[in-house]
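User: I would like to go through the terms used for this structure and see what stands behind each one.

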Amino acid sequence: MASSLRHLAKAAVLVASGALMLSACGSSSSTTSSTAKNTPLQTLTIGSSNVFPPTLNPTANASQAIDEVIDYNVLQHLVQLAPNGSIVPVLASSYTVSDANKVYTFTIRKGVKFSNGNPLTPADVVFSMKRVYAPGSTYPYGKIFDVASVRQLGTDQVQVTLTTPSWNWLYDLAAYSNGVILDPSTISTMATDPVGTGPFKVTGEVSNYSVTLARNNQYWGYKPHVSGVVFRYFSNADSLNAALESGQVNMIDNLSAPSDATLFKSNPKYKVVSSLTNGKVQLTLNNAYGPLRNKLVRQAILYATDRKAIMDAASGGYGLIDGTDSVPADPYYIDLASEYPYNVTKAKQLMAKAGYAKGFSLQLVLPPYFYAKLAAPLIVSELSAINIKVSVSTIDFPLWISQVFEGGNFQATIIDQAEGRDVSNYGTTGYYWHYAQTPQVAAELAAANAAPTKAEWIAGYQKVLKQITGDAVNDWLYIAPFITVIDKNIVGIPTTAYTESYNLSYVGIGGTIPASAKQLGYLS
Amino acid sequence: MQVADLSTPSVVARRPSGQPHELRRFLLRRILTLLVTLWLASVLVFLVLNILPGKPAQVILGTQATPSSVAALTAKLGLNRPLVDQYLHWIHGLVTLNLGNSYISAQPIAPVIGAALEVTGPLVLAGLVVGLLIAIPLGIASALRHTRRSGIVLSGIAQIGIAIPNFVLGILLIIVFAVDLKVLPASGFTTWSTSVTGALQSLVLPAVALGLVEGAILARYIRASIIEVLRADYLRTARAKGLRPNQALIRHGLRNASIPVLTVFGLELSGLIIGAVVIEAVFTLPGLGSLLLSSVANRDLITVQDIVMLVATTVLVVNTIVDILYRVIDPRMGLRS
């Protein structure tokens, strides 16, 4: 070899050994309980499969990634949802509902401070609630806009009057981040530093990488057993799993793919906690498209779908099949899974009766989510058994919103309808699946909301659920699961996923949680 | 008898007397071409992104937003103005180095891009170094041995390197070095301000995954170009003069061999930047690639526009420099485009 090449080779060896030396000096630093230190509080690092929060201001953007970090943890509401589904008073120490669910009077909790030291006052509550429906408001979701007036009563009360009575309004106030209470002096910096009354405060973020929270030492309630929380974001399921296995994160709050749970289930170092969400993974049918206008055709599709096989394939068997637009957390929940059992013969009969024995072609457009990709092949083969020839295409989510959701320009799609208590979509004219009976449903829901007793309200909603299932508006496949994997010593995580927030109010590394928290649905 | 002057690789052409003028005109022409290309790129980028369906305001506020909120936000973002207005406003910002504010977070874009460059810049550079460290010895060795079995083996190794997708390599490296051996982090980036050692550790595996493939590609070019040089007449003459084979190659051949390699170098840079987007996703590095992908997904059009123009400018400037260097190294090319 020429001397110059020998020099090159030597240089290469030097660089390689340099790299190895670098790697030897201290392995990755962000792990946790393995080193026995005397400091009792540690940082909890959560690996999240969510997208990076586009902003930290939940009132400017509907992305659930923002609520996961900020809602309930940094910013709080007057009332919030506990993991067990009950509505609990938080910044309101108590409340009364009057005038047939039209007027809500909240007593504001005393002694509460924002993390910057400012005291919480009823004026702050009035300011925050008015901001939602003010003219020119750009609050997302469209929830709790139906307010006629908000005013302070006396020294410690706020009274809200709705435009129409609603059995759902208190739930909306608790569940959606439109209900957050803000410190008016901190509005201008909310995108990077939202200041709230919650158990944590934001101390930093690295764009597209992590958001860091520290425990709020001004917090009025139970102090979580951690010094802080870091949310780290992974766009790749393998990287996320590897991060947990190599100790870079303490837990994964929601596995990208439920079937990955098998990687961790038999490992004694971890615990796998599975729960349900508000999400209804469904095969949405455009009720205005040709053959799908016929109820018999839609019913045939529901009979031809083997939902259990689809849930096994798309969701690793996790989830729940209940055949309608409702989840167990809903007060009006009803299980209609037995309405359309898997029965190909019956499906063929219905197709023939509708005049489609020869079948027809159907375009299935998919958003780029794993459940859609995994469910689609099964849908294709199951519908081919009744002569429906399905062709599949995939588009990105903003395009799905504009083409399918806004434009209604589709024949069938698979989507996770993730909003809670969204039966009202079936009464909204022009909602993208173009159900023919929306005026009738709207009237029934309005009547139910005006009902004098809760039982009648529940009965009214259940009647609507039975109707939409009877009409086979959509093919409700399964309720989407939420699979959390934690290091064995973590406590206090929520055991359900019915909120947009990832509620860290009782979280701890080691230790125990109060019995009252366990009753509310936190992991002990 | 006139002896050929072997200190330059070819017969020296007679240079015309107006040489400095020619050079200046050439440089001016190249820079003008660069500017026009940049402008065309900006128009293309803007048109493509703003014709895409999917309004930012609806994506931001979600499927349950009230129509009046969507309209209010669209107006607030200035997205209901005519396209020409929006384009001119954006270009004016770029030229005055004001990259604007994100549609999604309303925060200035420049610091975010700056932070991302702290990751991607060193990553691409490290990838280039890794690539060169592999390509140069591999390319030269396989060229010198191209008639022998060992040369074929080396050439085969380069071929395998080209065939492996860089993300597969990345995941394999993570499994071996991070999960099994636990000597390097599986993912993530320790910022330079927190720990320089940590930052370097975070970049080792990504740089290898990124550079190995590019290095294999470059090795093939180097091999081909050296083989061509080995067959050249002037090299045989240098051998006849008494130089040993390797001396002849180094003194006379490498300068010629470097010309096609320099051209490929410009393309390599684009390949590395594109590869960085994938590698950043595999290793969850908060670099320019991740920023670009998430901005596209969020329909944060202005950030996408800014990043694409930044990358386009970098690639075009590098290629212009390469083009100029080309003509400096090899006067045979002349100064006409």
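User: What makes the packing of helix α5 and helix α10 of chain B oblique?
Analyst: In this predicted model, α5 (residues 109-144) and α10 (residues 245-282) of chain B pack at about 125 degrees, with axes 10 Å apart. Axes are lines fitted to C-alpha atoms, for helices over the stretch in contact, and angles run from 0 to 180 degrees between N-to-C directions. Under 35 degrees counts as roughly parallel, over 145 as roughly antiparallel, 65 to 115 as roughly perpendicular and the rest as oblique. The two helices are therefore oblique to each other.

User: Which residues of α5(B) and α10(B) meet?
Analyst: B:Thr120, B:Leu123, B:Val124, B:Gly127, B:Leu128 and B:Gly131 in α5(B) meet B:Glu268, B:Leu272, B:Ile273 and B:Ala276 in α10(B). Contact requires C-beta atoms, placed from the backbone, within 7 Å. By class, this contact has six nonpolar, three polar and one charged residue. Ala, Val, Leu, Ile, Met, Phe, Trp, Tyr, Cys and Pro count as nonpolar, Asp, Glu, Lys and Arg as charged, and the others, including Gly, as polar.

User: How many residues of chain A and chain B are in contact?
Analyst: 55 residues of chain A are in contact with 58 of chain B. On the chain A side, α1(A) gives the most, with ten residues.

User: How are residues and chains labelled, and which pLDDT limits apply?
Analyst: Residues are numbered from 1 along each chain as its sequence is written, while chains are lettered from A and ligands numbered from 1 in the order written. Local features need pLDDT of at least 70 and side-chain atom pairs count only at pLDDT 80 or more, whereas totals for chains, interfaces and linings use all residues.

Methods
Helices (H or I, at least four residues) and strands (E, at least two) are DSSP runs, numbered from the N terminus. Two residues are in contact if their C-beta atoms, placed from the backbone, lie within 7 Å.
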